[in-house]
Amino acid sequence: MTDVSIILPTYNERDNICDLIDAIEAALTPSGLRWEVLVVDDSSPDGTAAAVRQRYELDGPVQLHVRTADKGLAKAIRYGLEQAAGRTLVVMDTDFNHDPALIPQMVDLLRYYELVIGSRFVMRGGMEDTARYRMSLLYNVFIRLLFHTQIQDNLSGFFAVRRETLFQLQPKFDRIFYGYGDYFIRLLLLAWRNDWKILEVPVFYILRRHGESKTGFWDVFRDYTLAVVKLRLWGV
Ligand SMILES: Nc1nc2c(ncn2[C@@H]2O[C@H](COP(=O)(O)OP(=O)(O)O)[C@@H](O)[C@H]2O)c(=O)[nH]1
Ligand SMILES: [Mg+2]
């Protein structure tokens, strides 16, 4: 029985992915948790999948899933969640924005909470990129005002949840998991409205180690705003 499955969506992360998997292994080995990692790669042209294949046996705790159709971050995450075997599911970015050292604590806190999320906007959280930090902070104020929720970071995309809890929402997966990071806003809103006990643990985003962000600021701003307005008007 696998205790924890870590879903790692990748697009052009050749130079980050193996270092991240090694860091996850280093973080989880002392905890005694039985873990697996699912790399869900959307056929990255930079050879991300080849890097994983070369480095790991792939019949052990590291799995590689290469998707060729219906690409996109949120759908890749859903695919990983549905393939995972663990009792606990963790989703994180693969560019070291999210610190793998937090995983054991996040998993442990699920004894008391139903959803544990990484948050830049609680004490000791933050972001090395100060311009993006301020923008995200402001955007989160907007989301809180619009939905009357009290979640400080609706955009981190770093979370841990028990399988049985998450899959209560399975009938709504089609309406949650599409688009980009906006899926996280929808997931959190449902969690909030279902009265899940949610905990935000501080995460400090260091700059991505290698490669480039896939998100252009204005494109994301437009897409998220459309998603948020749609959500406000019509719900999930
Ligand atoms: N599978 C998959 N992963 C993606 C896609 N777009 C982005 N990612 C991954 O999602 C995470 C966040 O992307 P990133 O470019 O760092 O966005 P940012 O943190 O907003 O700058 C990283 O792990 C990316 O590799 C996609 O279309 N498919
Ligand atoms: Mg990033």
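This passage describes the overall dimensions, the sheet, two of the helices and the ligand surroundings of a predicted model.

The secondary structure of the protein consists of 9 helices and 9 strands. The C-alpha trace extends over about 50 × 35 × 35 Å along its principal axes. For a chain of 236 residues, a compact globule would be expected to have a radius of gyration near 18 Å. The value for the protein is 17 Å, which agrees with that expectation.

An open sheet is formed by 7 strands. Their order is β3-β2-β1-β4-β7-β5-β8, and the pairing is mixed. At the edges of this sheet lie β3 (62–66) and β8 (198–202), each of which pairs on one side only. From one strand to the next, the twist averages 20°. Strands β2 and β3 run parallel and are joined by 5 bridges. Opposite V37 stands V62, a residue of β3.

Helix α1, made up of residues 14–28, lies across β1, β2 and β3. Its direction is at about 160° to that of β2. Helix α9 covers residues 217–234, a stretch of 18 residues. The expected length of α9 follows from a rise of 1.5 Å a residue, counted over one less than the number of residues. On this basis α9 should span 26 Å, and because its end C-alpha atoms are 26 Å apart, the model agrees with the expected value. After α9 comes G235, which has a positive phi near 75°.

Ligand 1 has 19 residues around it, of which P9, Y11, A76, S213 and K214 come nearest. Two or more residues of this shell are given by each of β1 (4–10), β2 (35–41) and α3 (73–83). By residue type, the shell around ligand 1 comprises 5 nonpolar, 6 polar and 8 charged residues. Strands β1 and β2 thus appear in two settings: both contribute to the shell around ligand 1, and both are crossed by helix α1.

How values were computed
Residues numbered from 1 in each chain as written. Chains lettered and ligands numbered in written order. Predicted model: local features only at pLDDT ≥ 70, side-chain atom pairs only at ≥ 80, totals over all residues. Near = placed C-beta within 6 Å. Helix = DSSP H or I, 4+ residues; strand = E, 2+ residues; numbered from the N terminus. Nonpolar A, V, L, I, M, F, W, Y, C, P; charged D, E, K, R; others polar. Pairing = 2+ DSSP bridges. Axes fitted to C-alpha atoms, helices over the stretch in contact; angles between N-to-C directions. Contact = placed C-beta atoms within 7 Å. Rg over C-alpha atoms; globule rule 2.2 N^0.38 Å.
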